[in-house]
Structures are given as structure tokens and as C-alpha cells.
Amino acid sequence: MKYLLIGRGKMGRLIQETAQAAGDEIAAAFGSRDLDRLSKLGKLADVVIDFSRPDALAEVASYVRRTGTPLLSGTTGYSAAQMTHLEALGTAAPVLWSANYSLGIAVFVRALQTISDVLKPDFDVELTEVHHSQKADAPSGTAKLLLNAIDPQHTLTPVYGREGNCGKRGRKEVGVHALRGGTAAGTHSVHFFGPEEELEFIHRAASRQIFVNGALHMARMLPGRPNGVYDLQKILFGE
């Protein structure tokens, strides 16, 4: 496989090292300082892999639309308008976006989709995520992914932390809490608090390598698919 890589941060460097160790080729890699070079290039690779920042989307989208190259994106922190822009690329190429490429998180999402509606009438739901001190966005993209799995119809009101005399917990709220510190790769917990019982789901990432391995696995599955917008659930579970 041949990849065009967007992003030279920790994830970008690890993707490049892992892909090359597996015998794949990095046709080119771009960061924020030279991203404008994309506008002068034709199709170079089988897949564009983007683990950069939201402000790179315009250049990346223009390249994908012009060349029809499949896009795998793991960039988080997009606004609603940017997500709409990203999804619109499905008319030009296969597009896969996920906030988290670990297989464990994919199964986590599937489990929440299956059980949440059973529990929500009688259980309070709280979500906690932990990441390293350098992470820029909060809550994390993975936390948002899990929140959408719990409440796809948006019937609950997210409460981002609590302070002071905030009153009793509302029955129609879901608490979302972001912790930041050290070098934590990522821990996500969902708590269901019911009458006289509690159910907790938790996923811990030991390192970024699990996200890299998952992203490269999914990238190999994109070429040859019809144009459209995909997620891990559609590909892994045949939806």
C-alpha cells in the first residue's frame, strides 16, 4: 500500500514508522508548514491518512475531491460545519472518519448501542475520559463517539462537569468529564447508576500504537469501495 500522510505530530510519525516497517510506502508527508503543496500535486497514493488539525481540512478536502483518493481521517475537534464538509467528500471518494481506531473502542460503541436504551429509563449515565496533558480538545473525540452511541437521538442533556450548588442531578442529563495529565494514552469509562446497582464499561489504551494499528488495518480496506462515508461499525460489522 502507498499512503499520503497529513500530520507530522506524534501520531503521524508513528503511523509512518509502522507503515514502513510493514513494507508499505509513504508517498509524501505534510505538516502545517507545507500543506499548501497539496494543491500542486496529483494522485500519489492509494489512501490519504489524515491525523492533523481541523484547520487542515480545506486543503485535504480539496485534494481528495480533485484526485478521488480515498480518505481515512482520525482528526478530532471538528466543528459541526467542518464535519458536514468532511462528510460531503463521500460524493468524490470513500471516506472513513473515526475519533478512535482501536478495535476495543469499536466493540465498546457496539455494546453501548445495544444496551443503552434498556438502561436509560431507570439508570443515570456518566462518562469520564482521561488523556495526556498535551491534548488540545475536550471532551475527546472518542468521548463524543461514545456519547452518541449512548444517546443517538440526543434526548439527554450533556453536563460538562459540575461545580457549586448545582442542584440535584436531572433525570434527563448525562455527565461528561474530561481529565488531563501526564502521558496518559486514553481511558474512557461509561457508568450506568441504577437503583441499588451500578454497571461500568471501561477501555484503557496502553499506548498510541493500538490506534495506529487499527488505522492502518482500516486503510487497507478502503481502496476499491464505492464512494461514500463509512465508519468502523459499517465496515467491521457489515452494516
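1. A word on charges to begin with: Lys and Arg count as positive here, and Asp and Glu as negative, while His and the chain ends are left out. Keep in mind too that you are looking at a predicted model. With that way of counting, the chain carries 26 positive and 25 negative charges, and the mean positions of the two sets lie 6 Å apart.

2. Now for the overall form. A compact globule of 239 residues would have a radius of gyration near 18 Å, and the chain agrees with this, because its value is 19 Å. If you draw a box along the principal axes, the C-alpha atoms fill roughly 60 × 35 × 30 Å.

3. What is the chain built from? Its secondary structure comes to 7 helices and 11 strands. Among contacts with a separation of 6 or more, 68% join residues that are 24 or more positions apart.

4. How much of the chain is buried? The share is 47% of the 239 residues. As for the outside, the chain exposes about 11,900 Å², and carbon and sulfur atoms supply 52% of that area.

5. Have a look at helix H5, residues 141-150. Because 7 of its 10 residues are buried, H5 is largely enclosed by the rest of the structure. Those buried residues are Gly 141, Thr 142, Ala 143, Leu 146, Leu 147, Ala 149 and Ile 150. Which elements cover them? The cover includes helix H4 (103-119) and the strands S6, S7 (157-160), S8 and S9.

6. Three of those strands deserve a visit of their own, starting from S6 (residues 124-131), which pairs with S9 (residues 187-194) in the antiparallel sense over 7 bridges. To find this pairing on the model, go to Thr 128, which stands opposite Ser 189 in S9. S6 also pairs with S8 (residues 173-180), here in the parallel sense and over 7 bridges. A handy marker for this second pairing is Glu 126, whose bridge partner in S8 is Gly 175. S6, S8 and S9 are also part of the cover over the buried residues of H5, so try viewing the helix and the strands together.

7. Finally, turn to helix H6, residues 209-219. Its buried residues are Phe 211, Val 212, Gly 214, Ala 215, Leu 216, Met 218 and Ala 219. What do they pack against? Their partners are the strands S1 (2-6), S3 (47-50), S4 (71-73) and S5 (94-97), along with the helices H1 (10-21) and H7 (232-236).

Methods: Residues are numbered from 1 along each chain as its sequence is written. This is a predicted model: local features need pLDDT of at least 70, side-chain atom pairs count only at pLDDT 80 or more; totals for chains, interfaces and linings use all residues. Side-chain values use heavy atoms; hydrogens and water are left out. Helices (H or I, at least four residues) and strands (E, at least two) are DSSP runs, numbered from the N terminus. The radius of gyration is taken over C-alpha atoms; the globule rule is 2.2 Å times the number of residues to the power 0.38. Buried means under 20% relative accessible area, exposed over 50%, partly exposed in between (1.4 Å probe, protein chains only). Contact means heavy atoms within 4.5 Å. Accessible areas come from the Shrake-Rupley method with a 1.4 Å probe; for residues, only the protein chains shown count as cover. The place of a charge is taken as NZ of Lys, CZ of Arg, CG of Asp or CD of Glu. Two strands pair if DSSP finds at least two bridges between them.
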